[in-house]
Amino acid sequence: MTIELTNLPVDEGVTCSTCRANCCRLEVMLITDTGVPEQFISQDKWGGEVMLRLEDGWCAAVDRETMLCTIYENRPLICREFEMGGFECLDERT
């Protein structure tokens with residue numbers, strides 16, 4: 001039996017300039033060392049390392065004025081793999 005792969009559509013309307021950084025409200029587990037500065041790291045209730053989120057629910061590394069990542073070059077692997085305009089991105093935007 002062969003199962004054909006189907007590529008999910010990517011919304012071409014989502015760009016860096018139209019991004020709302022909704023993914024920056026998700027819990028981000030730190031599963032690899034990418035150099036995230038210590039002040040942005042927290043521990044979850046099971047002792048795992050996660051990105052620190054502030055009281056407003058947003059990642060502590062997001063600049064609230066520009067909504068851009070202040071540690072982009074050292075962002076976690078999960079953030080690097082989150083596809084702008086992909087399924088998860090569009091799901092978070094709804």
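Leaving aside its neighbours within four places in sequence, which residues is arginine 75 in contact with? In this predicted model, the list reads Thr34, Val36, Cys69 and Arg80. Before getting to what goes on around that arginine, here is the overall layout.

The protein chain has 2 helices and 2 strands, and from the N terminus on these elements follow the order β-β-α-α. Of its 94 residues, 27% count as buried. The chain exposes about 7,100 Å², with carbon and sulfur atoms supplying 53% of that area. Contacts can also be sorted by how far they reach along the chain: among those between residues at least 6 apart in sequence, 53% join residues at least 24 apart.

Back to arginine 75, then. This residue sits in the loop that runs between strand S2 (49–51) and helix H1 (77–81). Arginine 75 is buried, yet it has no salt bridge. Why not? The nearest side chain of opposite charge belongs to glutamate 73 and is 5.6 Å away, while a salt bridge calls for a side-chain nitrogen of Lys or Arg within 4 Å of a carboxyl oxygen of Asp or Glu, so the pair does not qualify. What the arginine 75 side chain does have is a backbone partner: one of its polar atoms lies 2.7 Å from the backbone oxygen of tyrosine 72.

Glutamate 73 is in the loop between S2 and H1 as well, but this residue is exposed, at 63% relative accessible area. Its C-alpha lies 8.7 Å from the C-alpha of glycine 35, although 38 residues separate the two in sequence.

Threonine 34, one of the contacts of arginine 75, comes from the segment before strand S1 (41–43). Threonine 34 is buried, with a relative accessible area of 19%; the cut-off for buried is under 20%, so this residue makes the cut. Its side chain reaches the backbone oxygen of asparagine 74 at 3.1 Å. Not counting residues up to four places away in sequence, threonine 34 touches Asn74, Arg75, Pro76, Leu77 and Arg80.

What about charge pairs elsewhere? The structure holds 1 salt bridge, and it links aspartate 56 to arginine 64, with the closest N and O atoms 3.1 Å apart. Both ends are partly exposed: aspartate 56 has 38% relative accessibility, and arginine 64 has 31%.

Arginine 64 turns up again in the contacts of two other residues. One of these is tryptophan 58, placed in the loop between S2 and H1. Tryptophan 58 is buried, at 14% relative accessible area. Leaving out residues up to four places away in sequence, its contacts are Arg20, Ala21, Asn22, Cys24, Arg25, Leu52, Arg53, Arg64 and Met67. Tryptophan 58 and glutamate 27 are 31 residues apart along the chain, with their C-alpha atoms separated by 9.3 Å.

The other is leucine 54, also found in the loop between S2 and H1. Leucine 54 is partly exposed, with 41% relative accessible area. It touches Ala60 and Arg64, again not counting residues up to four places away. Between the C-alpha atoms of leucine 54 and arginine 25 there are 9.7 Å, and the two residues are 29 places apart along the chain.

Methionine 67, listed among the contacts of tryptophan 58, deserves a look of its own. Most residues other than glycine have a negative phi. Methionine 67 is not a glycine, and still its phi is positive, at about 60 degrees. It lies in the loop between S2 and H1 and counts as partly exposed, at 26% relative accessibility.

Finally, how many disulfides does a search of the whole structure find? The count is 0. Take cysteine 79: the closest cysteine sulfur, in cysteine 24, is 6.5 Å from its own, and that is too far for a bond because a disulfide needs the two sulfur atoms within 2.5 Å. Cysteine 79 is partly exposed, at 32% relative accessible area, whereas cysteine 89, at 9%, counts as buried.

Conventions. Residues are numbered from 1 along each chain as its sequence is written. This is a predicted model: local features need pLDDT of at least 70, side-chain atom pairs count only at pLDDT 80 or more; totals for chains, interfaces and linings use all residues. Side-chain values use heavy atoms; hydrogens and water are left out. Buried means under 20% relative accessible area, exposed over 50%, partly exposed in between (1.4 Å probe, protein chains only). Helices (H or I, at least four residues) and strands (E, at least two) are DSSP runs, numbered from the N terminus. Lys and Arg count as positive and Asp and Glu as negative; His and the chain ends are not counted. A polar contact is a pair of N or O atoms within 3.5 Å; within protein, one must be able to donate a hydrogen and the other to accept it, and residues adjacent in sequence count only if both atoms are side-chain atoms. Contact means heavy atoms within 4.5 Å. Accessible areas come from the Shrake-Rupley method with a 1.4 Å probe; for residues, only the protein chains shown count as cover.
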